[in-house]
Amino acid sequence: QALGIVGLGPFTMMYTDFAVYIGIVYSYLPFMILPLYSNLEKHDLTLLEASADLGAGPIKSFLRITLPLSFPGIVAGSLLVFIPAVGEYVIPSLLGRSDQLMIGRVLSDEFFANRDWPVASAVSIAMLLLLAAATGLALLAPLGWPFELFTHFRAQYAAVALLLVPLSAILRQPVFLTALAAKTERIRIGF
């Protein structure tokens with residue numbers, strides 16, 4: 001209403017892409033801030049003092065010292081936000097348009113509205129592979145991937161990480177619930 005006094009007029013907020021973005025940022029911002037804060041809290045401030053003594057400005061100190069040291073917090077926060085945000089269903093259905101495409105809504109529509117179980121299963125497997133690839137890249141990043149991955153003993157660590165990534169991604173996704181729902185659907189129909 002205050003913007004109407006200035007002459008900017010009323011803005012439509014509900015059922016827009018902007019409302020979905022605001023809702024997702026509002027919901028998942030703490031999951032990014034907490035790992036970053038935990039990481040930044042452990043930094044040694046004498047490194048920044050030393051860079052200032054050597055003539056580096058604040059921006060150069062941030063880019064050369066703070067940012068590389070906070071990379072594990074950035075990776076952890078990104079994974080904590082990315083994994084649940086990919087399958088977000090509630091926020092887009094409450095704040096977004098009915099024709100807005102997000103993976104969680106597509107899965108729900110294919111399972112329950114269209115009853116197209118093969119397409120829904122294919123979409124969920126594609127989402128699972130996407131999350132497994134993102135988790136794998138995040139696990140391999142501290143090992144120096146892709147440049148130094150297979151040098152010295154790092155190949156052993158990479159092999160263990162590559163085995164654990166699909167397992168962790170499968171346990172996080174409702175693919176098993178999909179198979180269980182498909183089985184109960186067959187029983188109810190009479191197959």
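1. Let's start with one ring on the outside: Phe112 is exposed, with a relative accessible area of 60%. Its partner in a ring pair is Phe111, and the pair is tilted, with centres 6.2 Å apart and planes at 45°. Phe111 is buried, at a relative accessible area of 9%. Please keep in mind as you read that this is a predicted model.

2. The pair does not stand alone. Ring pairs link Phe111, Phe112 and Trp117 into a cluster. The structure holds three aromatic pairs. One of them is formed by Tyr28 and Phe31, a tilted pair with 6.0 Å from centre to centre and 40° between the planes.

3. How far apart are Tyr28 and Phe31 in helix H2? They are three residues apart in this helix, which covers residues 17–41, so about one helical turn separates them. Tyr28 has 11% relative accessibility and counts as buried, while Phe31 has 41% and counts as partly exposed. Use the cut-offs to check this yourself: buried means under 20% and exposed means over 50%, so a value in between is called partly exposed.

4. Now follow Phe111 inwards. Which residues make up the largest nonpolar core? There are eight: Ile83, Val86, Leu107, Phe111, Trp117, Ala120, Met127 and Leu131. Helix H5 (71–86), helix H7 (103–113) and helix H8 (117–140) each give at least two residues to this core. The largest share, four residues, comes from H8. A useful background idea is that nonpolar side chains tend to be buried together in soluble globular proteins.

5. Ala120 is a nice residue to click on in this core. Setting aside neighbours within four places in sequence, Ala120 is in contact with Leu107, Glu110 and Phe111. Those three partners also appear among the buried residues of H7, which are Gly104, Arg105, Leu107, Ser108, Glu110 and Phe111. After H7 comes Arg115, whose phi is positive, near 55°.

6. Apart from the largest core lies another one, of five residues, including Val20, Ile24, Tyr28 and Ile91. You have met Tyr28 already, as the buried member of the tilted pair with Phe31.

7. Helix H5 also holds Ile74. Is Ile74 buried or partly exposed? Ile74 is partly exposed, with a relative accessible area of 26%. Leaving out neighbours within four places in sequence, Ile74 is in contact with Met32, Leu36 and Leu67. Met32 is 42 residues away from Ile74 along the chain, yet their C-alpha atoms are separated by 7.6 Å.

8. Nonpolar residues turn up on the surface as well. Phe11, Met13, Phe18 and Ile22 make a nonpolar surface patch of about 420 Å². Phe11 sits in the loop between helix H1 (2–6) and H2, and Phe11 is exposed, with a relative accessible area of 54%.

9. Finally, step back to the whole chain. Its secondary structure comes to 10 helices and zero strands. Of the 191 residues, 27% are buried. The chain exposes about 13300 Å², and carbon and sulfur atoms supply 72% of that area. Among contacts with a separation of 6 or more, 62% are between residues 24 or more positions apart. The contact between Ile74 and Met32, 42 residues apart along the chain, is a good one to find on screen.

How values were computed. Residues numbered from 1 in each chain as written. Predicted model: local features only at pLDDT ≥ 70, side-chain atom pairs only at ≥ 80, totals over all residues. Heavy atoms only, no water. Core = buried A, V, L, I, M, F, W, Y, C linked by side-chain atoms within 4.5 Å. Buried < 20%, exposed > 50% of the residue type's maximum accessible area, 1.4 Å probe, protein only. Contact = heavy atoms within 4.5 Å. Phe/Tyr/Trp six-rings, centres within 6.5 Å; stacked < 30°, edge-to-face > 60°. Patch = residues over 30% accessible without salt bridge, like charges linked within 9 Å, V, L, I, M, F, W, Y side chains within 5 Å. Areas by Shrake-Rupley, 256 points an atom, 1.4 Å probe, with all protein chains shown as cover. Salt bridge = Lys/Arg side-chain N within 4 Å of Asp/Glu carboxyl O.
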